[in-house]
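I wanted to go through the side-chain contacts of this chain one by one and to write down what I looked up. The entries below follow the order in which I worked.

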Amino acid sequence: MKRLAAALEHTVPPPLIGALCAILMWLICGMPPLTGRPPLLLIPALALVVLGLTVDAAGVLSFRRARTTVNPFAPERTVNIVSSGIYRLSRNPMYLGMACILTGWAVWLWQVQAVLGVVLFVAWITRFQIIPEERILTQKFGTEYRQYRQRVRRWV
């Protein structure tokens, strides 16, 4: 079982995991039509999607400014710890942004079971993406990264 878990680390692109969770959410809700929703649902759903896209973009821009990799398959190529901007609030804003987008989708689907997709996304990303990244960054940056982890939460 440990071998399987290790084999799944950094193997599936996080956006693909997000897309699969979105599809799963739609399926477990009985594939409801995407039109005909109460118009008021559109406001919080879109607000969450826009928030998610903004947080995600802020993370990518911070990495670009720091000239470090955004490649989720190669955390060992990180050249420095990014701790400014959005990274003062979350160690994983790109994943947090994806979770916000999925939450907006759950609001639009308007069924309680849709939240399972968000929970699954957070659990998968934490176990197979974030924890391995943290292990690699701790090995590479030592005390600097441990101090950053103490100051800033993993998600929010």
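Entry on the rule. I took a salt bridge to be a side-chain nitrogen of Lys or Arg within 4 Å of a carboxyl oxygen of Asp or Glu. I kept in mind throughout that this is a predicted model.

Entry on Glu134 and Arg149. I looked up this pair and found that Glu134 forms a salt bridge with Arg149, with 3.9 Å between the closest N and O atoms, which falls within the 4 Å that the rule allows. I then checked where the partners lie: Glu134 is in helix α5 and Arg149 in helix α6 (residues 143-151), so this salt bridge ties together parts that are 15 residues apart in sequence. I noted that Glu134 counts as buried because its relative accessibility is 4%, a value under the 20% cut-off, whereas Arg149 is partly exposed with a relative accessible area of 32%.

Entry on Glu134 and Arg154. I found that Glu134 also forms a salt bridge with Arg154, and here the closest N and O atoms are 2.6 Å apart. Arg154 belongs to the segment after α6 while Glu134 lies in helix α5, so the pair ties together parts that are 20 residues apart in sequence. Arg154 is partly exposed, and I recorded a relative accessible area of 25% for Arg154. Salt bridges with shared partners join Arg91, Glu134, Arg149 and Arg154 into one network.

Entry on the count and on Glu9. How many salt bridges does the rule give? I arrived at five salt bridges. One of them lies between the side chains of Glu9 and Arg135, with a distance of 2.6 Å from N to O. This pair links distant parts of the chain, as Glu9 sits in the loop between α1 (2-8) and α2 (14-28) and Arg135 sits in helix α5 (residues 115-141), 126 residues apart. Is Glu9 buried or exposed? I noted that Glu9 counts as buried, at 18% relative accessibility, while Arg135 at 40% counts as partly exposed.

Entry on aromatic pairs. I turned next to the rings and found three aromatic pairs in the structure. Among them, Phe63 and Tyr87 form a stacked pair, with 5.1 Å from centre to centre and 20° between the planes. Phe63 lies in helix α3 (residues 39-65) and Tyr87 in the loop between α3 and α4 (93-109), so the pair ties together parts that are 24 residues apart in sequence. I looked up the accessibility of both residues, and Phe63 counts as buried at 16%, as does Tyr87 with a relative accessible area of 3%.

The rings of Trp124 and Phe128 have centres 4.4 Å apart and planes at 45°, so I entered this pair as tilted. Trp124 and Phe128 are four residues apart in helix α5, which means that about one helical turn separates them. Trp124 counts as partly exposed at 24% relative accessibility, whereas Phe128 is buried, with a relative accessible area of 12%.

Entry on a charge and a ring. Which ring does the charged end of Arg37 sit over? I found that the charged end of Arg37 sits over the ring of Trp108, at 5.9 Å from the ring's centre.

Technical notes: Residues numbered from 1 in each chain as written. Predicted model: local features only at pLDDT ≥ 70, side-chain atom pairs only at ≥ 80, totals over all residues. Heavy atoms only, no water. Helix = DSSP H or I, 4+ residues; strand = E, 2+ residues; numbered from the N terminus. Buried < 20%, exposed > 50% of the residue type's maximum accessible area, 1.4 Å probe, protein only. Phe/Tyr/Trp six-rings, centres within 6.5 Å; stacked < 30°, edge-to-face > 60°. Lys NZ or Arg CZ within 6 Å of the ring centre and 35° of its normal.
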